[in-house]
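Trainee: I would like to check each label against its cut-off before I rely on it. Could we go through them one at a time?

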Amino acid sequence: MNTKTLGCTLLIAGTTIGAGMLALPLASSSLGGPATLLLMIGLWGLMAFTAMLQVEASLNTGKWYLHQLADHLLGPWGKRIASFCILMLFYSLASAYISGGSSLLAQALADAGLPLSQEQAAWAFTLLFGGMVCVGTKQVDYLNRLMFTVKLVIMVAVLGLLLPRAEGQHLLSMPLGQGLLLAGLPVIFTSFGFHGSIPSVMLYLGDCPKQLRRVFVWGSALPLILYVLWQIAILGLLGQQSLIQTGGALDSLLANVGNLVSWPAFNQAMHLFADLALATSFLGVTLGLFDFMAKVTHRKDNWQGRTQTGLITFVPPLLFALYFPQGFIMALGYAAIALAVLAVLLPVALVWQSRKRAEAHHYRAPGGVLALGLAGAMGVLIVGVQISVSMGLLPAL
């Protein structure tokens, strides 16, 4: 694996592993250990498979972006649906990351004796990391490698402290109620979202199927490994009931764990991990949005064109994060729907149509009609579950 492929693998992993990883044991505490593990492995397999479906559709049509693929294979309505879901998901995530990142940045600067208001921190966060995205994918790759390495070192050190303390009986806890296994689908599904970065990676790496398969399979497998180990460490240390009693508060979780480990800097390390996780997710998501907006608006790849694309990419989520944070928090509740359409239903439909047309096949993802049908059914199920949870028909985690 060359350094460019490794960098893209870490970009996918960094996009996937967000600050929400820390709260994943809280969100899935009522599911218990075996059910959470089953969902994680199954949903990772689904997302890795559909990533390769999108690669197949792109390589066989010469279209890198989902809206182009949808227009080519599914027609104008497919293009409209794809474009709407891309904008809804990317702008929602970008706004949430700016809001969360500015809060963490303001706190860090205040601790260092440099107080900033939330609004000033939001501008600083956006200019710093958004500026890197505007400069280019190569620069994002290098910065992401550095931050991901630090993030990984912290997590390995923390896991090394926590895993020996895990108690096996805590890991065998079962779901506390009916319907919770279904309700956990959208929550864990969104933890494996990286498909928005696929076009940017393909443009950066080229059209080598072998390299792309390594990037997307291993780039999504690394988060799976860390998620599973983190779940084992936290659930095995605290137990299901103690996790539920935290009330879903991340600070309470970290405080409870910090009281049980012999590392005085535990809370600081975890907050640094959260900072880096949020920053790497922001870079991955906004890089995909930046390249999408550049293509849609036909901006040139020079400093004037990239500046214009940067304004289109970062100003709307910045303004929403500043003035309408609750609106995007509500939109994030439906992010699983947009992600299910983009990352599952659309790739399945695109490959189905591409194979039906019998176009020249430069690459074919593994799996036949049965695999496409199962993936499509899972996408429909995730959308249905999220709608049911929103309507109160299923319990929320």
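Trainee: Which residue follows H9, and what is the sign of its phi?

Mentor: H9 is followed by Gly206, whose phi is positive, near 100°. Please keep in mind that this is a predicted model, in which local features need pLDDT of at least 70 and side-chain atom pairs count only at pLDDT 80 or more, whereas totals for chains, interfaces and linings use all residues. Residues are numbered from 1 along each chain as its sequence is written, and side-chain values use heavy atoms, with hydrogens and water left out.

Trainee: What makes residues 198-205 a helix, and how many of them are buried?

Mentor: A helix here is a DSSP run of H or I with at least four residues (strands are runs of E with at least two), numbered from the N terminus, and H9 has 8 residues, which therefore satisfies the length criterion. Buried means under 20% relative accessible area, exposed over 50% and partly exposed in between, with a 1.4 Å probe and protein chains only; by that rule 7 of the 8 residues in H9 are buried. They are Ile198, Pro199, Ser200, Val201, Met202, Tyr204 and Leu205, and their cover includes helices H1 (3-16), H3 (33-61), H7 (137-162), H10 (209-238) and H13.

Trainee: Why does Gly32 count as buried, and what does this residue touch?

Mentor: Gly32 has a relative accessibility of 1%, which is under 20%, so the residue counts as buried. Gly32 lies in the loop between H2 (20-27) and H3, and touches Ser173, Met174, Leu235 and Gln240, leaving aside residues up to four places away in sequence, where contact means heavy atoms within 4.5 Å. The C-alpha atoms of Gly32 and Gln240 are separated by 6.7 Å although the two are 208 residues apart along the chain.

Trainee: Is His298 buried or exposed, and what is notable about its phi?

Mentor: His298 has a relative accessible area of 66%, which is over 50%, and is therefore exposed. This residue is found in the loop between H13 and H14, and has a positive phi of about 60° although it is not a glycine.

Trainee: How many salt bridges does a search of the whole structure find, and what makes them salt bridges?

Mentor: The search finds 2, a salt bridge being a side-chain nitrogen of Lys or Arg within 4 Å of a carboxyl oxygen of Asp or Glu. In the pair Arg355 and Glu56 the closest N and O atoms are 2.8 Å apart, and since Arg355 lies in helix H16 (residues 335-357) and Glu56 in H3, the pair ties together parts that are 299 residues apart in sequence. Both Arg355 and Glu56 are buried. The closest N and O atoms of Asp141 and Arg145 are also 2.8 Å apart, but these two are 4 residues apart in H7, about one helical turn, and both are buried. Arg145 further touches Thr3, Lys4, Gly7 and Leu10, not counting residues up to four places away in sequence.

Trainee: How do you know that Asp291 has no salt bridge?

Mentor: The nearest side chain of opposite charge to Asp291 is Arg306, at 5.2 Å, which is beyond the 4 Å limit, so the pair does not qualify. Lys and Arg count as positive and Asp and Glu as negative, while His and the chain ends are not counted. Asp291, in helix H13 (residues 266-297), is nevertheless buried, and touches Tyr65, Thr137 and Ser200, not counting residues up to four places away in sequence.

Trainee: Which residues touch the most other members of the largest nonpolar core?

Mentor: Leu162, Phe216, Trp230 and Met270 do, out of 124 residues, and H13 gives the most to this core, with 17 residues. A nonpolar core is a set of buried Ala, Val, Leu, Ile, Met, Phe, Trp, Tyr and Cys residues joined through side-chain atoms within 4.5 Å. Trp230 has contacts that include Leu162 and Met270.

Trainee: What makes Tyr323 exposed?

Mentor: Tyr323, found in helix H14 (residues 303-323), has a relative accessible area of 59%, over the 50% cut-off, and is therefore exposed.
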